[in-house]
Number of protein chains: 4
Amino acid sequence: MTDSLSEAEQRSREIFARQAVMATLGASIVHFEPGRVRVAMPHDNAFTQQDGFLHAGIIATIVDTALGCAAGSVMPAGSGVLSIEFKINMLRPARADRYLAEGRVLKAGRRVTVCQGELRENDAEGRILASMQASMIRVESP
Amino acid sequence: MTDSLSEAEQRSREIFARQAVMATLGASIVHFEPGRVRVAMPHDNAFTQQDGFLHAGIIATIVDTALGCAAGSVMPAGSGVLSIEFKINMLRPARADRYLAEGRVLKAGRRVTVCQGELRENDAEGRILASMQASMIRVESP
Amino acid sequence: MTDSLSEAEQRSREIFARQAVMATLGASIVHFEPGRVRVAMPHDNAFTQQDGFLHAGIIATIVDTALGCAAGSVMPAGSGVLSIEFKINMLRPARADRYLAEGRVLKAGRRVTVCQGELRENDAEGRILASMQASMIRVESP
Amino acid sequence: MTDSLSEAEQRSREIFARQAVMATLGASIVHFEPGRVRVAMPHDNAFTQQDGFLHAGIIATIVDTALGCAAGSVMPAGSGVLSIEFKINMLRPARADRYLAEGRVLKAGRRVTVCQGELRENDAEGRILASMQASMIRVESP
């Protein structure tokens, strides 16, 4: 991170870096703009369900974090963000070399920010695997 | 597992054992009856978000598996089960020594089985941390 | 309404009475206690979908109002309540003489109150038709 | 309807016409293409909540029907469609002269078709009021 990053991006990247589960999954932020964030992770058999597909909850983990970063990207300095609820539809069995989650802000609110996003195979052109809609709230950052 | 287990319980325990992510999380089935299954896991900092709480997606992972096992517990022999969607509300920050997820069948259908459940702190008397409602479908087991 | 009603019940009944859609549906509050409210409505062909069943959105209307009343029942005096999101699973085609929606508070929060509830055929012993999980927020009552 | 309508559009329009609740709401299909359907309705005080806004359940009614029509638009001849679940986030209080719901197919499946859509003020350029994600299943048309 350099001085050239925006405050929002620095803050999001710091929050992301403090999410131990992201390191555990090998995930990283690969795109950041206000209101749109992408997170990538490689496939890892340690996180699969019974048929060798990425477990739906792990899909939710990576997509939820992308949505949370997107929500944080449009909040004022010093904000933290928590998901209060999300809903996800699984569209295809998830088995690719790499996964790309994108989160977008649908509506930034004073209290609640609603985000949407999805998981794709490999990259932004990959087939869609799951789609999420979630509510995020702003909290004072510790 | 012994001969005394029902076919449904054997099948659920075998499917659970094939979910690599459950071993990764240190999770196990601690209660099994038709239509109601409980899964426990210990806290592990490797799966936390930025404030040291269990990540919402990991909560979803464990609760979704409990609901899937509950759905499978009322399906005919030879059935596999897949979640097609779930929705989860986070009710409190999740930080306990141990977590208990319970899944229950709300309505078993020919095509879709709807389940509900929650995550609690420590055990069945613990405070509720999250609540999930999900749709499961039956698939032919491989 | 008499002086013997609690402030919360009076407030909930007044808010309910101001929901024009409840009169349009012929709905009424039939049970009120803190954290649990029941709303009943008769079947009316004017609100059906293509097969003569109550439309899923009308089911959502009545259940959402029951959950909102339940949320309001545990909020401080002068509170209004708005649903910010809900998720509903339809469990059976809805066709009965009368429908009973029950809303319950799962977790009352300072900012967000999470509720659950369902629609049943006829009365509290009727078969379950749909199940909802929702987030409500407190607003200053006008 | 004329001979020039596709079978899918004819079928969707016939199903829509059999939804009594759509006539009750004054709603009509205003755009139809495979995978994308728009439904409009005027504001009507008979369907409002306590502050004069369109009730969240009525919002869900109109958006759910738009999503169902979108799902039906990509199904084979003779198909009926039922929503098995939906989730909706309310983004702004809904009070406009007219409302436009759009439903889109996110993934057409053999068993389950997942759709997304939203309600806007007035027309396709209007502000977004609510966003829905839903699962539809194919049924044999009677």
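**Figure 1. C:Phe86 and its partner across the pairing of strand 3 of chain C with strand 3 of chain D.** C:Phe86 stands opposite D:Ile88, a residue in strand 3 of chain D. The two strands, residues 79–90 in chain C and residues 79–90 in chain D, pair in the antiparallel sense over 5 bridges; strands pair if DSSP finds at least two bridges between them. Strands (E, at least two residues) and helices (H or I, at least four residues) are DSSP runs, numbered from the N terminus. The model is predicted: local features need pLDDT of at least 70 and side-chain atom pairs count only at pLDDT 80 or more, whereas totals for chains, interfaces and linings use all residues. Residues are numbered from 1 along each chain as its sequence is written, and chains are lettered from A and ligands numbered from 1 in the order in which they are written.

**Figure 2. The sheet formed by strands of chains C and D.** This open sheet has 12 strands, paired antiparallel, in the order 1(C)-2(C)-4(C)-5(C)-6(C)-3(C)-3(D)-6(D)-5(D)-4(D)-2(D)-1(D). At the edges stand strand 1 (28–33) of chain C and strand 1 (28–33) of chain D; each has a single partner strand, so one side of each is left without a neighbour in the sheet. On average, neighbouring strands of this sheet are turned by 25° against each other, direction ignored. Helix 1 (residues 7–18) of chain C packs on the sheet and touches strand 1, strand 2 (36–42) and strand 3 of chain C. The direction of helix 1 makes about 160° with that of strand 1 of chain C. Contact requires C-beta atoms, placed from the backbone, within 7 Å; angles run from 0 to 180 degrees between N-to-C directions, and axes are lines fitted to C-alpha atoms, for helices over the stretch in contact.

**Figure 3. The crossing of helix 3 of chain C with helix 3 of chain D.** Two packed helices are described by the angle between their axes and the distance between the axes. The axes of helix 3 (residues 56–72) of chain C and helix 3 (residues 56–72) of chain D come within 7 Å and cross at roughly 165°. Helix 3 of chain C is therefore roughly antiparallel to helix 3 of chain D (angles under 35 degrees count as roughly parallel, over 145 as roughly antiparallel, 65 to 115 as roughly perpendicular and the rest as oblique). The crossing is right-handed, the near helix being turned clockwise from the far one by less than a right angle, whereas an anticlockwise turn would be left-handed. C:Ala56, C:Gly57, C:Ile58, C:Ala60, C:Thr61 and C:Asp64 of helix 3 of chain C meet D:Ala56, D:Gly57, D:Ile58, D:Ala60, D:Thr61 and D:Asp64 of helix 3 of chain D. The residues of this helix contact divide into 6 nonpolar, 4 polar and 2 charged (Ala, Val, Leu, Ile, Met, Phe, Trp, Tyr, Cys and Pro count as nonpolar, Asp, Glu, Lys and Arg as charged, and the others, Gly among them, as polar).

**Figure 4. The sheet formed by strands of chains A and B.** Another open sheet of 12 strands has antiparallel pairing and the order 1(A)-2(A)-4(A)-5(A)-6(A)-3(A)-3(B)-6(B)-5(B)-4(B)-2(B)-1(B). Strand 1 (28–33) of chain A and strand 1 (28–33) of chain B are the edge strands, each pairing on one side only. From one strand to the next, the twist averages 25°. Strand 3 of chain A runs antiparallel to strand 3 of chain B, and 5 bridges join them; B:Glu85, in strand 3 of chain B, is the bridge partner of A:Asn89. Within chain B, strand 2 (residues 36–42) pairs antiparallel with strand 4 (residues 98–107) over 7 bridges, and B:Pro42 stands opposite B:Arg98 of strand 4. Helix 1 (residues 7–18) of chain A lies across strand 1, strand 2 (36–42) and strand 3 of chain A, at about 160° to strand 1.

**Figure 5. The contact of chain B with chain A.** Each chain contributes to this contact: 29 residues come from chain B and 29 residues from chain A. On the side of chain B that touches chain A, helix 1 (7–18), helix 2 (20–25), helix 3 (56–72) and strand 3 (79–90) are the elements giving two or more residues. Strand 3 of chain B gives the most, with 8 residues. The residues on this side of chain B divide into 13 nonpolar, 11 polar and 5 charged. The copies meet through the same surface, because 100% of the interface residues of chain B are also interface residues in chain A. Chain B is superposed on chain A (RMSD 0.0 Å) by a rotation of 180° with 0.0 Å of shift along its axis, which is the relation of a two-fold axis. The C-alpha of chain B nearest the axis belongs to B:Lys87, 2.0 Å from it. Superposition is by least squares on the C-alpha atoms of residues with pLDDT of at least 70 in both copies.

**Figure 6. The contact of chain A with chain D.** Here 11 residues from chain A and 11 residues from chain D take part. Strand 3 (79–90), strand 4 (98–107), strand 5 (112–121) and strand 6 (128–140) of chain A each give two or more residues to the side of chain A that touches chain D. Strand 6 of chain A gives the most to this side, with 4 residues. The residues on this side of chain A divide into 4 nonpolar, 5 polar and 2 charged. A turn of 180° and a shift of 0.0 Å along the axis lay chain A on chain D with an RMSD of 0.0 Å. Both copies use the same surface, with 100% of the contact residues of chain A recurring in chain D.

Technical notes: Contact = placed C-beta atoms within 7 Å.
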